[in-house]
Amino acid sequence: MKNKVKQAVVMKIALYCAPLLVILIPVLLIIALTMNNPSVTCQTDTTTTSSDSGSSNGSLTDKNSDIGKRVSYIIDRFKKAGYSGDNISAIIAIGWRESNLNPKAVNPAGSVKGIWQWGAGGINGNRYQNTADTVEAQVDLAFKELASSHTVARLGLANAKDIDSSALAWDTGFEGVGASDPQRKVSEVKAWAESIKKTYDLNFEGSLSGGNNAVSDSNTSASNSADSDSNNQSAYCNTNDSGSADGTGKIKESGLSFWDKNSIPDDIKPYVHNITSKKLDWSLTTPDAYNQCAGFSQVYMNAIWSPNFTFRGNGNVTAEAVAKVTGVKVTTTPKAGAVFSSDRPNHTGVVLHVLANGDLIIANQNAVKSGQNAGTSKDYEITLAPKKSYAKDSQAVGYGDMTFAYPGDNSKYKLHW
């Protein structure tokens, strides 16, 4: 009798639970897939909601308000770190655009939070991790990223000459927004930045250098446990993302393009790593290579890598030569800081940045705007090489069938832009 009762109870539970399981299993699968694939969906909604309705009192120009006190704190931290008044004005104005400078601002739809709306799990990755919802902790996080995963933003700010170029550097390098994206709200941000600059008297030059040691300040006010740089993902969502190793950012140019070193477009500048400030030691190569691509690769690789290393050979074997002398492997995967070789025909140069869609911004000589082909010597130019141009079996002259050698794959060698 007891067994029959047990069987009856089990049958009833099964009858009631079966429909629920049919509903729950797909839901659980969707949640699991979303957690494991943070960039499955694009989200461009920038509307934010605050978990602290009373934390955004005041205005940008009211120094004694909650907002004004946050502005003053951010100014103090970035000024001590060497950022210019224009840099700081633009950074704060973008924070105003993103969250009204509310460290507790959250956008549930995009899974982003904080002053500069970092990805906090889900479709935009998890750059925020367990950072505290305070202005102090979030400025700490910003400095950490500017020193590691988002150095391109700092380098762009170091090169910026005004508010416009400062905002461009932060948007493309830190926020991961394309230069022409309407989300940037360029005119509004500029107006806010100019107001901030005037109100807080931010008329001072910056002192950022090209080195990675110029990105921290003297404050250690907040604990931030986001210690793994591998978890710092770009918040930029691009449906054409190739998954390239260091791919971030989007530019308006799309085809194979060449620029003289003095005529680099504004949306390219944030990615060139302050190349103009590098002292290129041409004695590291031979006089016959002063106007050749191989000569530039030798000189520039030694300007950005330490310890120095010597290699020789035509452009089409330069990657192989660098790999041999530094003890790394030749690959078909581009990385910022890698030397490349192409056998269509005999060409070489250095990768400056891999964009979100896999396109490369590179430095090279003797292509179109420099070297023997342009009647110059000890020179270089900046080139955009679209992914389709450098892919295997590409027929692009000078950039097809690229191979790469990245000295940093050997821990002995350190990259210092």
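How many aromatic pairs does the count come to?

1. The count comes to 18 aromatic pairs. Keep in mind that this is a predicted model. One of the pairs joins Phe258 and Tyr399, with 6.0 Å from centre to centre and 50 degrees between the planes, so the geometry is tilted.

2. That pair is worth a look on screen. Phe258 belongs to strand β5 (residues 257–260), while Tyr399 sits in the loop between α10 (387–390) and β11 (403–405), so the two rings tie together parts that are 141 residues apart in sequence. Their surroundings are as follows: Phe258 is partly exposed, at 22% relative accessible area, and Tyr399 is buried, at 2%.

3. There's also an aromatic cluster, made up of Phe78, Tyr83, Trp116, Trp118, Tyr128, Phe143, Trp170 and Phe174. Phe174 has a charge over its ring too: the charged end of Arg127 is 4.9 Å from the ring centre. Elsewhere, Lys79 lies over the face of Phe204, 4.6 Å from the centre of that ring.

4. On to the nonpolar cores. The largest has 52 residues, and the members touching the most others are Tyr300, Met301, Leu360, Ile361, Ile382 and Met402. At least two residues each come from α5 (151–159), α8 (293–304), α9 (318–326), β7 (339–343), β8 (346–354), β9 (360–364), β10 (381–385) and β11. The top contributor is α8, with six residues.

5. Take Ile361 as a case in point. Not counting neighbours within four places in sequence, Ile361 contacts residues including Ile268, Tyr271, Val272, Val350, Leu352, Ile382 and Leu384.

6. Apart from the largest core lies another one, of 41 residues, with Leu60, Trp96, Ile163 and Leu208 among them.

Definitions and conventions:
Residues numbered from 1 in each chain as written. Predicted model: local features only at pLDDT ≥ 70, side-chain atom pairs only at ≥ 80, totals over all residues. Heavy atoms only, no water. Phe/Tyr/Trp six-rings, centres within 6.5 Å; stacked < 30°, edge-to-face > 60°. Helix = DSSP H or I, 4+ residues; strand = E, 2+ residues; numbered from the N terminus. Buried < 20%, exposed > 50% of the residue type's maximum accessible area, 1.4 Å probe, protein only. Lys NZ or Arg CZ within 6 Å of the ring centre and 35° of its normal. Core = buried A, V, L, I, M, F, W, Y, C linked by side-chain atoms within 4.5 Å. Contact = heavy atoms within 4.5 Å.
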